[in-house]
Amino acid sequence: MEEKSIHYNQLDPAIESRVNDLLAKMTLSEKVGQLVQENPFEAVDWMAVMKQKALAEEQGLPFRFHQELRPDFEAILLAGRVGVINSAEVGIINQLQRKAVEGSHLHIPLLVGHDVIHGFRTVFPIPLAEACTWDPELIEQAAHAAAEEASACGINWVFSPMVDIARDPRWGRIAEGSGEDPFLGMAMAKAQVRGYQRDDLKSGRRMAACPKHYVGYGAVEAGRDYNTVDLSERTLRDVYLPPFKAAFEAGAGSTMSAFNEIGGVPGTCNPFTLRTILRQEWTWPGVVISDFNAIGELVQHGVAVDLKDASRLSILAGVDIDMESGGYARYLAELVEEKAVPIEVVDEAVRRVLRLKFGLGLFEHPYNEEGLAETIHLNAEFRSLALQAAHESMVLLKNNANLLPLKPGKNRIALIGPLADNRTDLLGTWAISGQAADVDTVLQGIRNYLPDSMLTSVQGCALTGTDPVDFSAAVAAAREADVVILVLGEGVAMSGEAHSRTHLGLPARQQELLDAVAAAGKPIVCVLMSGRPLVVPHLVEQVDALLAAWHGGIRAGQAVADILFGTVNPSGKLTASWPRAEGQIPVYYAHKSTGRPAESKGTTQFDVPFRSTHLDEPNAPAFGFGCGLSYTRFEYTDLVVETPSLPLEGTLAVSAAIKNTGERAGTEVVQLYIRDLVASVTRPVKELKGFTRVALQPGEEQRVRFELPVKELGFSGLDMSYIVEPGRFKVWIGPDSSQGLEGEFVVRP
Ligand code: BGC
């Protein structure tokens, strides 16, 4: 899709004059109202709701959850004391919009935010899996489908994309982002923003994007959610900030600040990240919303005395909207009256919020057509997009002796495992509007390829629980079969927010199930579903073929079957490394060399055996960034660096021939990496700088050419400003981060 360059810091004069007119008419209390997101619903017993949901899912029934409105909320809206709500129920949203628009003094519509993270009713694979498609056009379409479905329910603001770089698979929220790499993260961030907003935000069928969590949240210590972050400014600038900048350049007009601190200063009241970088350096005019109750949590962080103090710190640092801590609603006007907060700071925050509301066209069409959702949700186009995304997201990690693809009708199959006939867990984390009843199970998918007489399905064990399990039925099924398909992995509640893990192996009794089944001696295909990279070295040895299928959304089951039986040739590649052992974490391809790299033998005058390694594992992960197999083979030859010497203003041009030397058509994700060999600060041993998907018929060859402006080869220099330094670079075109054809070029001063 053609990239549209949006100048995010150029304001629309027509909108600015409407904003200023409105602002001039607002009372202090109305101004504060625009900066408040509040829950319009009565408190809910979430445990009871989850139980009802689980029951409905067990019975294969759709689950509908109705929340009761707070009796005092109408008066709050009429007085203009709330500007933002979170809901997904069109009837209620219309009702509340009507109060705000028709009942309040200045008729200002509400922003309706919601977490639509990987699809709405049509649930796509989790974002980490979506990234493994390396297909930004597809991910843009998926985000667009989500906007169509969610906006039909009255949602106009999406708390997505999550653009946090994550290099620690213990962190449960690695599921919600694109993985470990800033370049890929930028591409996915832009794709999602474009998909949510397109260039007609005002059409009423779009959602304003809100990249989150600004910033550094993926670097929480020990991968424990909400934990401390202590990042160097250089890593912050070169790794964690770029996806946010990319999202803003693609037109995102808001961001959500992060729960975590960075080096002692929480993201909710961090003047450096919120003011110096966002406002001064980037001159970004968008809205910052806090994360949920994060303003209140400044008290627990220990930087605020109480909620009032926390509110003061947050507004002064640059958080425009308070998400549900109640601090701004209760104290902001008072803080202004006491002159602890200048009115200009509040005015600027209100301007930003109004800008977003005008930009969305909410003043022109605040209401939504009821009944529209039913005609849009789960339509054939979106369902087939979800299937395509699931196909492209799955990563083949092992395929001994070409066990896969299986030939339909040739082998008797034993389908075993807690995720084989499972719907709920395939939806993945943050699938609030997803329905288990909409999900294709793997069993269903496989039944489309095999008669029942060739298939035995046994659960084997549960996803959770440590009670002893009788594996005899699973073992008997394996003995009777020619091939065993084991569908193992994590349940939905094992990743996502506040769901970090320290042991990243198979949960519950699943390893024992695998051991028992493996003893039957039949070839094993393992379909591994998860919300993160897992640490499963023993499993990798035990099975003959391994497909990382993630939590793949409503079409995951069909997609797995299509891949196992060869209707679809897998093309996904990992975007976060799979460690060999938890002790390697963080392990990522773009690490630094160190003074004593593992492979340093013979490269220094002292050939010391003291190197940067562990005694008990190699440095490389089990499966590295960018890797993934296909049912065909791709051969890389003839790297041509067309610009071996080029000026600082030049553009690197490099190409290679890729040939499909196997017997099947397939798609290869071709990757471009560079290394800046000598610079004033240390640089990663490899950096992704380009990628493309190439579809090739058997025997077909294509020359893949990348162009890369030298100005994109820079980094934060000694003084932290962005700099591109002349000198020698290495360049690779290859199938993953660990291999490829190597060349060199020089950037002239
Ligand atoms: C999460 C955010 C989310 C927000 C609103 C928070 O707990 O950290 O990612 O957007 O809730 O639901």
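These questions and answers cover the ligand site and one sheet of a predicted model. Local features need pLDDT of at least 70, side-chain atom pairs count only at pLDDT 80 or more, and totals for chains, interfaces and linings use all residues. Residues are numbered from 1 along each chain as its sequence is written, and side-chain values use heavy atoms, leaving out hydrogens and water.

Visitor: How many residues of the shell around the ligand are charged?
Guide: The shell includes Asp115, Arg173, Lys212 and Trp430; a residue belongs if one of its heavy atoms lies within 4 Å. Asp, Glu, Lys and Arg count as charged, Ala, Val, Leu, Ile, Met, Phe, Trp, Tyr, Cys and Pro as nonpolar, the others, Gly among them, as polar. The split is six nonpolar, one polar and, for charged, five.

Visitor: How far is a polar side-chain atom of Asp115 from an oxygen atom of the ligand?
Guide: A polar contact is a pair of N or O atoms within 3.5 Å. For Lys212 the distance to a ligand oxygen is 2.8 Å. For His213 it is 2.7 Å. For Asp115 it is 2.4 Å.

Visitor: Which strands are the edge strands of the open sheet of three strands?
Guide: Strands are DSSP runs (E, at least two residues), numbered from the N terminus. Two strands pair if DSSP finds at least two bridges between them. The order is S18-S20-S23, with antiparallel pairing. Pairing on one side only marks S18 (634-641) and S23 (701-709).

Visitor: What is the bridge partner of Tyr636 in S20?
Guide: S18 and S20 (residues 651-660) run antiparallel, joined by six bridges. In S20, Tyr636 is partnered by Ile658.

Notes: A polar contact is a pair of N or O atoms within 3.5 Å; within protein, one must be able to donate a hydrogen and the other to accept it, and residues adjacent in sequence count only if both atoms are side-chain atoms. Helices (H or I, at least four residues) and strands (E, at least two) are DSSP runs, numbered from the N terminus.
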